[in-house]
Amino acid sequence: MPASAHSSLQAVLETDRVRILSSLIRTCGGDFDLAEEALHDAVIAATTQWPQHGVPDAPDAWLLQTARHKAIDAIRHDQRKRQKLEELGYTTELLREEEELTPIPYDMLRLIFTCCHPALSEESRLALTLRTVVGLPTTGIARAFLVTEQTMAQRLVRAKKKIREARIPYRVPERSDMPERLEAVLLVIYLVFNEGYSASSGEHIVRRELCAHAIHIGRILSELMPDESEAIGLLALMLLQDSRREARANAEGDLVLLRDQDRRLWDREQIDEGVRLCRAAHRAPPVGAYAIQAAIAAEHARAVHAEDTDWKKIVRLYRQLLSLRPTPVVALNHAVAAAMAYGAEEGLRLVDSLAKDLDGYGPFHAARADFCRTTGRWQDAEDGYRRAIALATNDPERRFLEGRLRETQEAVDH
Amino acid sequence: MQYLLLIYEDERKMQGRDEQTRNQIFDEYRTFSESVREAGQFVAADALQPTSTATSVRVRDGKAITTDGPFAETKEQLGGFYLVEADDLDQAISIAARIPSARFGTIEVRPIWAFE
């Protein structure tokens, strides 16, 4: 295949794959497998036809049209599928010869909401979203979530079977259901992002790419739902957090704390976009939890040096967040900010009430140990770091905490 | 497409209700059933006697074994069902959410297997 036809195909798949697929799933009556196979066949047809006849003027429409015909062929060979689609009134849609065959962007919303339907398990939603919205191959998703390819393949099959058999509709939810359903979508996107963000640099390149994928879906969503301030807030939050990716780990792959990061490594362009979106999200009240978290991230991004950070403002934002999401983890973050703004004694006072809820949470013990160390409670600090080390979930975090423990022990020895 | 809406509730709590509350819930059920009928979504519905009346039967090696009680001891027990006609899962879920017991217990939504 000549380079030009090949690169045209690559380009259209990169920019339009999800638009084409999402439209195709709709015309296939919500049958994910039928649509995916048809698109796959259309791509194969393009590799033979485009080099011979030239790249079509509207390659996306060509792929959609060809895939539709492939789907119709598949249905003709499958009596059972045809009956099911006829019952749903979909074959007419598929067979209708329309003049305009360009993919409809709105179909992408249908796809996103269906993949993130609350009737699917959380892990299925993540897998299905990455497979269909991002187009990640099953092997890639399996590696990112540290499971075998077979496990991931089964998970995807089960999810698609449930969509088909329980008839999860392929549509954007009604106004009355929108708040709950949008929250589910945003959570899936943020979980994908965090899967990538919590992986340390150098260790799992594949997992780091999840951040970029999450941002990509966040962009699609906020472009299609410009009035949903939480969609914009989430995109802002992800951009701002991800802007620090190069500074979060040193050459050895060890974690670098926010206050010790080389801020010249932060992605300024991404920060600017994040800050701009954060402002937009705050202009449309009621301000939601993602928009507040984005504002906190923006405060950090604004500080040229760590000591310039406006911790009092961050404390106020955490208080606002606590009123919306009164969880122990948010309370812990509030305490950490309060310690920065008003001293470690204040931090200790606030975390002590969380001991019961967060006893099994490493960052709680690490934060408490930090406050104890600052206020000269050496033994408490040592114990806290030991608990945090025992609970650490990855190697860089463990190495960092072991360093802290050594420093504390040395301080006692002197 | 048909969905079976299985109503699970804690029997002990149900039995502990005073008469006024019971009557009120009964009225709510009547209103709910009427609304499902009016929408043309009603296929069937029934309430079940408590699990203290249940008997489990298994046939092993050709021999029927009968035991007292439900199949599994759980916190919430199957107490009734609605069989409804709905366009899709979202519609079935919205019907299920209006069942009075959804506020106290759990409604399991199961699509009916359509044999061709």
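Start by selecting Leu146(A), which sits in the loop between helix H8 (138–144) and helix H9 (149–165) of chain A. The model in your viewer is a predicted one, in which local features need pLDDT of at least 70, side-chain atom pairs count only at pLDDT 80 or more, and totals for chains, interfaces and linings use all residues. Residues are numbered from 1 along each chain as its sequence is written, while chains are lettered from A and ligands numbered from 1 in the order in which they are written. The helices and strands on this tour are DSSP runs, helices being H or I with at least four residues and strands being E with at least two, numbered from the N terminus.

**Stop 1: loops of chain A**

Stay with Leu146(A) and check its backbone: phi is near 55°, a positive value in a residue other than glycine. Is Leu146(A) buried or exposed? With 12 C-beta neighbours inside 10 Å, Leu146(A) counts as exposed. The scale used here calls a residue buried if 20 or more other C-beta atoms lie within 10 Å of its own, exposed if 12 or fewer, and partly exposed in between, with C-beta atoms placed from the backbone.

Next, move to Pro286(A), in the loop between helix H13 (268–283) and helix H14 (289–302) of chain A. Select Pro285(A) along with it, and you will find that the peptide bond from Pro285(A) to Pro286(A) is cis, with omega near 0°.

**Stop 2: chain A as a whole**

Now zoom out to show all of chain A. It has 20 helices and zero strands, and its C-alpha trace spans about 80 × 50 × 40 Å along the principal axes. Of its 414 residues, 41% count as buried. Two residues are in contact if their C-beta atoms, placed from the backbone, lie within 7 Å. Taking the contacts in chain A between residues at least 6 apart in sequence, 61% join residues at least 24 apart.

**Stop 3: helices H11 and H20 of chain A**

Pick out Glu223(A), which belongs to helix H11 (residues 205–224) of chain A. This residue is partly exposed, with 13 other C-beta atoms within 10 Å. Draw a distance from its C-alpha atom to that of Glu246(A), 23 residues apart along the chain, and the separation is 27 Å.

Then select helix H20 (residues 395–413) of chain A, which has 19 residues. From first C-alpha to last, H20(A) reaches 27 Å, close to the 27 Å expected at 1.5 Å a residue; the expected span is 1.5 Å times one less than the number of residues. Which residues of H20(A) are buried? They are Pro396(A), Glu397(A), Leu401(A), Arg404(A), Leu405(A) and Thr408(A). Add helix H18 (362–374) and helix H19 (378–391) of chain A to the view, as both are included in what covers those buried residues.

**Stop 4: across to chain B**

Show both chains together. Six residues of chain B are in contact with eight residues of chain A. On the chain B side, the residues divide into three nonpolar, no polar and three charged.

**Stop 5: the four-stranded sheet**

In chain B, colour the four strands that form an open sheet in the order E2-E5-E1-E6, with antiparallel pairing. Strand E2 (42–47) and strand E6 (106–111) of chain B stand at the edges with a single partner strand each, so one side of each is left without a neighbour in the sheet. The twist averages 20° from one strand to the next.

Look closer at strand E1 (residues 2–9) of chain B, which is joined to E6(B) by six bridges and runs antiparallel to it; strands count as paired if DSSP finds at least two bridges between them. Within E6(B), Glu108(B) is the bridge partner of Leu6(B).

While you are at E1(B), select Tyr3(B) and Gln91(B): their C-alpha atoms are separated by 10.0 Å, although the residues are 88 apart along the chain. Gln91(B) lies in helix H3 (residues 89–97) of chain B and is partly exposed, with 18 other C-beta atoms within 10 Å.

**Stop 6: the hairpin**

Finish with strand E3 (residues 55–60) of chain B, joined to E4(B) by six bridges and antiparallel to it. Arg58(B) stands opposite Ile65(B) in E4(B). How many of the six residues of strand E4 (residues 63–68) of chain B are buried? The number is zero, so E4(B) lies largely in the open.

E3(B) and E4(B) form a hairpin with two residues between them. Select Asp61(B) in the turn, where phi is positive at about 50° although Asp61(B) is not a glycine. With 5 C-beta neighbours inside 10 Å, Asp61(B) counts as exposed.

How values were computed. Axes are lines fitted to C-alpha atoms, for helices over the stretch in contact, and angles run from 0 to 180 degrees between N-to-C directions. Ala, Val, Leu, Ile, Met, Phe, Trp, Tyr, Cys and Pro count as nonpolar, Asp, Glu, Lys and Arg as charged, and the others, Gly among them, as polar.
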